Amino acid sequence: MADATDRDDRTPHILVVPYPAQGHISPMLQFSKRLRKRGVKISLVTTKFIARTSHSIPSSFPVLTISDGHDDGGIDSAESIQIYLDSLRRFGSESLRELLQQLSSSASPADCVIYDGFNAWAQDVANEFKVIKAVFFTQSCAVADIYYHVYKGLIKLPLPDTEIEIPGLPPMKPPEFPSFVYQLGSYPAYYDVIVNQYANVHKADLIFWNTFYELEREVLECLKRIWPAIRPVGPSIPSGFLDGRIENDREYGLSFFNAEGDVSLKWLDDRRKGSVVFVSFGSLGEVPVEQMEETADCLKNSKWAFLWVVRTSEAAKLPTGFVAETAEKGLVVSWCRQLEVLAHEAIGCFVTHCGWNSTLEAVSLGVPMVAVPGWTDQNTNAKFISDVWKVGLKASAHKDGLVKRGALLQCIEEVMGGDRGDEIRKNAAVWKALARKAFEDGGSFDEVVDEFLAKFVSRF
C-alpha cells in the first residue's frame, strides 16, 4: 500500500458503495454531496450496468465500477433474485477488492469505504485494506429494530396473532410489521439479505442512518445501546429542499429514469393552492391490476384534481379510456421530479406506497399523506405516518388485500378538507421544521460529520 507521503494531497478519499437500486443510490449520493462540501474526495462505486445505463450521473463525482456478474443486463437479466444476490456478493467482493488494490498503489488510495447495509460483504473486503468502515442504512430505524430482533431470535416467527412490543417501538399488530416478517416465506432471498445484514454491523467504525433524531428519538436511543456507533444523518434529500447550503442542489444526481419532457410542474402551475392529490406507488414495486382499477375509480369520482405517476411498465393496467375521460382534472405521467412536485404549493396530499425515501421527502416538505403500503418496510412506515407522527391517514385494506375505492376516497377527502385535515397539516408543518433544523449551522448533521472527519486525522 502506498505511503501517505506519496499521495497527491492529504484529502481523505472515501468510496461510497450503494446497493444497486435507485432507492439506495439516491440517499447515499446525497449524503456524499454533503461530505464533499466539507472537503473530502468522494468516489461513487456502482455496477458496470448502472454506470452505463443511468441518466444524469454527476460529473463532479468520479464513478468507479464493480461487477455484479450481470454487466450486460443488471438484475433483470438474472434468472432469479437469489441468483442475482449471490452473484452480486461474489463478483462484487472480487471486483471491489481489485479496485481497492489498484487504488492502494495510486496517488489517491481509499481511506474509507461507506457501504450500503445490503452490501454487508463490503465490510469484509474493506477489512483487508485496513480502511475506515462505515455502514449506511437506507431504511428506518424502526424497521431495523424489528429486523434486528428477528435476527437475534428475540421475536418468534411466525408472528403470533397478538400485539407485539419491541423496545423503542409502539405496540404493533402483525400486519404492521415488514412483509418479510409478517408474510414469512415471501421473497426468501431478500429476507436473507435484510435480516443478516446485522451480523457484522457492530464491527463498523460508524453507522450512518437516513433519518433524523427527532423523528425516531425513542428507537434511536434503544439502538444506540446495542450499537454505540449509530449516527442519524438524514433526511438525505437535496439541500435545496432543506437548508440550501449546497448551491443549486435540487436533484439527487443519478436516475434510472429519464425525466426530460416532464410536464408535471407546468401543469401544477395552473392549479390552485392545495387542490391536487399526488399519487405515486414508487419506482420498484408492482401494483396489482385490481388495485390500479380501484385507485383509478377513486380518482375519477373524487372532486379533487390529481397527478398520478404510472410507470411505463404499469400503464397497461389502467382502465381503458381512463386517461381521456379524466383529462380535464387529472394528469397521468410515467415519471416526474418527485421532490419538485411535493414542494409545489398546488399539492394538497400525497397518496404514497410509503417507501422510506418517499416518506422522508413528504415529511421534510410538510406534505400530508394517505398511506397505501404494499410490501417490505412499507406497512411499518405507514404505521408511523398515521399513528406516531400523525401526518396522514392509512387507507384500510379489504380482506382481499386491496384498498378499495371507497376507503381510499374517504381518506383523501378527510386529509384534503375534512375535520382531521387541519390537525394533520399542522403536524406536517412541525416535522418539516424539525427536519430542516438538523442541517442548521452547528446542527446535529455537522456534529456527526466533524466526528467522522476526525477519524481521518491520524491517518495522515
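**Note on the sheet, its helices, the cores and the cysteines**

1. In this predicted model, helix H17, which covers residues 444-457, lies across strands E1, E4, E5, E6 and E7, and runs at about 150° to E6. Helix H1 (residues 22-37) likewise lies across several strands, namely E1 (13-17), E2, E4 (112-116), E5 (132-137) and E6 (206-209), with an angle of about 150° to E4.

2. The strands crossed by these helices belong to an open sheet of seven strands, ordered E3-E2-E1-E4-E5-E6-E7 and paired in the parallel sense. Strand E3 (63-66) and strand E7 (230-232) stand at the edges with a single partner strand each, so one side of each has no neighbour in the sheet. On average, and with direction ignored, neighbouring strands of this sheet are turned by 25° against each other.

3. At the E3 edge, the pairing can be followed residue by residue: strand E2 (residues 41-47) and E3 are joined in the parallel sense over four bridges, and Leu44 has Val63 in E3 as its bridge partner.

4. The largest nonpolar core comprises 127 residues, and those with the most contacts inside it are Ile14, Ile114, Ile207, Phe208 and Phe452. Helix H5 (residues 141-151) gives the most to this core, contributing eight residues. A second, separate core has 27 residues, among them Val279, Phe306, Leu318 and Val372.

5. Phe452 deserves a separate look, since its contacts can be listed in full: leaving aside neighbours within four places in sequence, Phe452 is in contact with Ile14, Leu35, Cys112, Ile114, Ile132, Leu206 and Phe208. Of these partners, Ile14, Ile114 and Phe208 are also named with Phe452 among the residues with the most contacts inside the largest core.

6. Thr380, found in helix H14 (residues 378-388), counts as buried because its relative accessibility is 1%, which is under the 20% limit. The side chain of Thr380 reaches the backbone oxygen of Glu176 at 2.8 Å. Apart from residues up to four places away in sequence, Thr380 touches Val143, Ile146, Met172, Glu176, Phe177 and Pro178.

7. The structure holds zero disulfides, and two cysteines illustrate this. The sulfur of Cys222 is 11 Å from the closest cysteine sulfur, that of Cys141, and is therefore too far away for a bond; for Cys336 the closest cysteine sulfur, in Cys349, is 14 Å away, which is also too far. Both residues count as buried, Cys222 at 14% relative accessibility and Cys336 at 4%.

Definitions and conventions: Residues are numbered from 1 along each chain as its sequence is written. This is a predicted model: local features need pLDDT of at least 70, side-chain atom pairs count only at pLDDT 80 or more; totals for chains, interfaces and linings use all residues. Side-chain values use heavy atoms; hydrogens and water are left out. Two strands pair if DSSP finds at least two bridges between them. Helices (H or I, at least four residues) and strands (E, at least two) are DSSP runs, numbered from the N terminus. Axes are lines fitted to C-alpha atoms, for helices over the stretch in contact, and angles run from 0 to 180 degrees between N-to-C directions. Contact means heavy atoms within 4.5 Å. Buried means under 20% relative accessible area, exposed over 50%, partly exposed in between (1.4 Å probe, protein chains only). A polar contact is a pair of N or O atoms within 3.5 Å; within protein, one must be able to donate a hydrogen and the other to accept it, and residues adjacent in sequence count only if both atoms are side-chain atoms. A nonpolar core is a set of buried Ala, Val, Leu, Ile, Met, Phe, Trp, Tyr and Cys residues joined through side-chain atoms within 4.5 Å. A disulfide is a pair of cysteine sulfur atoms within 2.5 Å.
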